[in-house]
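Biologist: Could you take a close look at how the helices pack in this model, and set that part in the context of the whole fold? I would like one connected account.

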Amino acid sequence: MSSDAPPGPRGGAVATRLDGRGIAAAVVANTLWGLLPAFWAAMAPAGPVEILAQRIVWTTLIMFGVLTFVHGWGELRGLRARTWSAIATGALLITLNWGGFIVAVQLGWVLDAALGYFVSPLVSVLLGVFVLRERLRPAQWVAVAVGAAAVAVVAIENGRIPWIAIVLSVSFGLYGLIKKTVPVGATAGLTAEGIVLGPIALTVAVVLVVTGHGTFATHGAGHAALMVASGFATVAPLLLYGIGARRVPLTVTGLLMYVNPVLQFLYAVVVAHEDMPAGRWIGFGLVWVALAVFSVDMLHTDRRRRATAASPPRDQRRPRSRAETARLRRS
C-alpha cells in the first residue's frame with residue numbers, strides 16, 4: 001500500500017515544467033488525503049482494526065482490477081525473494097502508518113497526526129543522512145534542528161511524547177526508504193503490497209464479522225458502503241498523485257504535499273475542536289518555520305541545478321573569434 005502522503009515518484013521521466021492538469025491532479029490528490037480524518041470518523045462505531053482491515057481488503061481488490069486493466073502483472077512475475085522481502089517490509093510499515101492515523105482520528109489526536117506529516121520530510125532527510133550517508137546543506141540542518149525543537153515544545157505542552165506524530169513520520173520515512181529499493185512501479189508495487197497484506201486483512205475482517213465484533217454486516221448498507229469506499233478513497237488520490245508527479249517538477253509536487261497536513265490541522269481545530277493552547281501554537285509555528293527554511297533551500301537548490309544543467313560545461317564552450325565578438329557588439 002502507499003501512505004496517505006506518499007513518497008515522491010521513483011524512476012521514469014521527471015517533469016521539468018509546470019502543467020495545469022498535473023498541478024490540478026496533485027492538488028486534488030492531497031486534498032483528498034487531507035479530508036481522510038472526516039472519512040474515518042464517519043465510520044464510527046467501527047474500531048481501528050476493522051477499518052484498517054476493510055481498507056486493505058478493498059484497496060487490494062481495486063488494485064487487482066487496475067493492474068489487470070493496464071496489463072501490469074508482468075512487472076511482478078519473476079521477482080526475487082529479496083524483492084518480495086522488501087515489499088513485505090514496506091507493507092508492514094504502511095500498515096503501521098495507516099493504523100496509527102486511524103487511531104489518531106478515533107482518539108481525537110488529529111493535531112498529532114498533522115504534526116507527524118508536517119515533520120515527515122525532515123525525518124526523510126535524517127534517514128538520508130544516517131542510512132544513505134547523504135550530506136546535508138547548512139539550511140537543511142537548521143530546518144531539522146527547528147523541527148526537533150517543535151516536537152519538544154509540543155511534547156512539553158501535551159505533558160506526553162507525541163507518539164502518534166513520531167510513529168507516522170518515522171513509518172512514512174522508512175516506507176519511502178524501502179520503496180527506493182523495490183524495482184517496480186507505483187501501481188505494481190501497491191498491488192504487490194496488497195498480495196502480502198490482503199489475505200491477513202481478509203481473515204481479520206471475516207473473523208470480526210463471524211464473532212460479532214465487527215460492524216460491516218450489522219450497521220446497514222450505508223455503513224457497509226463506506227467500508228467499500230475506503231478502497232476507492234485510498235486508490236483515487238494515489239492515481240491522481242501519480243498523474244501530477246509525471247507532469248510537474250518534483251519540487252512542486254513536494255510543496256503541494258503540505259496541503260494534506262494543513263487540511264488535517266484545520267479539521268482538528270475547526271471541526272473536531274481539539275485543544276490548541278499557546279504551547280501548541282508555538283510548536284506548530286516552529287514546524288512551519290522549519291518547513292519554510294527547508295522549502296526555500298529546496299527551491300534554490302533545484303533552480304541552481306537546472307541552471308547548471310542548461311549551460312554547457314566550461315571546457316566545452318568554444319572561444320569566440322574576433323569576428324564573432326565584433327559582430328555581437330554591433331548587434
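**Helix packing and the nonpolar cores**

Modeller: The protein exposes about 16700 Å², of which carbon and sulfur atoms supply 68%. This is a predicted model, and buried residues make up 46% of the 331 residues in the protein. There are 13 helices and 0 strands, and among contacts between residues at least 6 apart in sequence, 87% join residues at least 24 apart.

The part to examine closely is the packing of helix α4 (residues 81-107) against helix α8 (residues 186-210), whose axes lie 9 Å apart and make an angle of about 75°. Since angles from 65 to 115 degrees count as roughly perpendicular, α4 and α8 are therefore roughly perpendicular to each other. On the α4 side, the residues that meet α8 are Trp84, Ile87, Ala88, Ala91, Ile94 and Thr95, and their partners in α8 are Ala192, Glu193, Ile195, Val196 and Leu197.

To place this pair within the interior, it helps to turn to the nonpolar cores. The largest nonpolar core has 68 residues, and the members that touch the most others are Leu36, Trp40, Phe101, Leu115, Phe284 and Val287. Helix α5 (residues 110-130) gives the most to this core, contributing 13 residues. A second, separate core holds 9 residues, including Ile87 and Ala192, together with Val182 and Val184; Ile87 and Ala192 are also among the residues through which α4 and α8 meet. Returning to the largest core, Phe284 touches Leu111, Leu115, Phe118, Phe265 and Met276, when residues up to four places away in sequence are not counted.

Polar side chains are also found in buried positions. Asp297, in helix α12 (residues 278-310), has a relative accessible area of 11% and is buried, because buried means under 20%. Leaving aside neighbours within four places in sequence, Asp297 is in contact with Arg137, Ala139 and Gln140, and the C-alpha atoms of Asp297 and Ala139 are separated by 6.4 Å although these two residues are 158 residues apart along the chain. Thr60, which is found in helix α3 (residues 48-69), likewise counts as buried, at 7% relative accessibility, and a polar atom of the Thr60 side chain lies 2.7 Å from the backbone oxygen of Ile56.

Definitions and conventions. Residues numbered from 1 in each chain as written. Predicted model: local features only at pLDDT ≥ 70, side-chain atom pairs only at ≥ 80, totals over all residues. Heavy atoms only, no water. Helix = DSSP H or I, 4+ residues; strand = E, 2+ residues; numbered from the N terminus. Buried < 20%, exposed > 50% of the residue type's maximum accessible area, 1.4 Å probe, protein only. Polar contact = N/O pair within 3.5 Å; in protein donor to acceptor, adjacent residues only side chain to side chain. Core = buried A, V, L, I, M, F, W, Y, C linked by side-chain atoms within 4.5 Å. Contact = heavy atoms within 4.5 Å. Areas by Shrake-Rupley, 256 points an atom, 1.4 Å probe, with all protein chains shown as cover. Axes fitted to C-alpha atoms, helices over the stretch in contact; angles between N-to-C directions. Parallel < 35°, antiparallel > 145°, perpendicular 65-115°, else oblique.
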